[in-house]
Amino acid sequence: MRRIWNWLSRPGAAQIALGLLLVIAMRSILEFFRIGGGVGVQLSGEQIFYIEGALAAVAAGLPVLVLHAIGWHRWATLFAVAAIVALLAWKIVALY
C-alpha cells in the first residue's frame, strides 16, 4: 500500500486529473460522432452539447497543464477536480 501511496504523489495526482479531463474531452467527441455528427450534417442541440462539453474539458485542461508545469500540483489537481464536478453538474442539468 505504501508503494501505491508514494506513486500517487502530488505530481502524479495532477497528471491523473489532467488525463481524466482529456478522457472526458475524447469521450464527448466520440459521443458526438456516435449520435450522427459529421461533415455536412445539420447539428442538433444534443450534438452541440457534446461539442461544447469537449471544448469545456479542453479549456479546463489548459490551466491544469500550466499549473502542473510550473509546479503547483495541488492547485492543478484541485482545479481539475472542480472542472470535472462542474462538467458533471452541467451534464446532469442539461440532459435531464
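**Exercise 1. Find out which residues S28 touches beyond its close sequence neighbours, and settle whether S28 is buried or exposed.**

Solution. Start with the contacts: once neighbours within four places in sequence are set aside, S28 touches Y50, G53 and A54. Bear in mind as you go that this is a predicted model. Next, place the residue: S28 sits in helix 2, which covers residues 10–34. Helix 3 runs over 45–69, so the three partners of S28 fall within that numbering, given that a helix is a continuous run. Last, the accessibility: S28 has a relative accessible area of 11%, and because the cut-off for buried is under 20%, S28 is buried.

**Exercise 2. Work out where T77 sits, and what its side chain does with the backbone nitrogen of A14.**

Solution. First, the element: T77 belongs to helix 4, residues 73–95. Second, the cover: T77 comes in at 19% relative accessibility, so it counts as buried, since the limit is under 20%. Third, the partners: leaving out neighbours within four places in sequence, T77 contacts R10, A13, A14 and A17. Fourth, zoom in on A14: its backbone nitrogen is 3.3 Å from a polar atom of the T77 side chain. One more distance to try in your viewer is T77 to V64, which are 13 residues apart in sequence and 7.3 Å apart from C-alpha to C-alpha.

**Exercise 3. Track down the aromatic pairs, then classify the one made by F32 and F33.**

Solution. Begin with the tally: searching the whole structure turns up three aromatic pairs. For F32 and F33, the ring centres are 5.0 Å apart and the planes meet at 65°, so this pair is edge-to-face; the angle needed for that label is over 60 degrees. Now compare the cover on the two rings' residues. F32 is buried, at a relative accessible area of 8%, whereas F33 is partly exposed at 49% relative accessibility. To finish, look for a group of rings: F49, Y50 and W90 make up one aromatic cluster. Y50 is also one of the contacts of S28 from the opening exercise.

**Exercise 4. Which elements give two or more residues to the largest nonpolar core, and which residues have the most contacts inside it?**

Solution. Step one is the core itself: the largest one has 13 residues, and L21, V64, A76 and A80 have the most contacts inside it. Step two is to assign elements: helix 2, helix 3 (45–69) and helix 4 each give two or more residues. Helix 2 gives the most, with five. Step three is to check one of the well-connected residues. Outside its neighbours within four places in sequence, A80 contacts A17, L21 and V64. As background, nonpolar side chains tend to be buried together in soluble globular proteins.

**Exercise 5. Describe the overall build: how many helices and strands are there, and what is the radius of gyration?**

Solution. Count the elements first: there are four helices and zero strands, running α-α-α-α from the N terminus. Then take the dimensions. The C-alpha trace spans about 50 × 30 × 25 Å along its principal axes. The radius of gyration is 16 Å, while a compact globule of 96 residues would be near 12 Å. Now the surface: about 6800 Å² is accessible, 73% of it from carbon and sulfur atoms. Buried residues account for 28% of the 96. Finally, sequence range: of the contacts between residues at least 6 apart in sequence, 65% join residues at least 24 apart.

Conventions
Residues numbered from 1 in each chain as written. Predicted model: local features only at pLDDT ≥ 70, side-chain atom pairs only at ≥ 80, totals over all residues. Heavy atoms only, no water. Buried < 20%, exposed > 50% of the residue type's maximum accessible area, 1.4 Å probe, protein only. Contact = heavy atoms within 4.5 Å. Polar contact = N/O pair within 3.5 Å; in protein donor to acceptor, adjacent residues only side chain to side chain. Phe/Tyr/Trp six-rings, centres within 6.5 Å; stacked < 30°, edge-to-face > 60°. Rg over C-alpha atoms; globule rule 2.2 N^0.38 Å. Areas by Shrake-Rupley, 256 points an atom, 1.4 Å probe, with all protein chains shown as cover. Core = buried A, V, L, I, M, F, W, Y, C linked by side-chain atoms within 4.5 Å.
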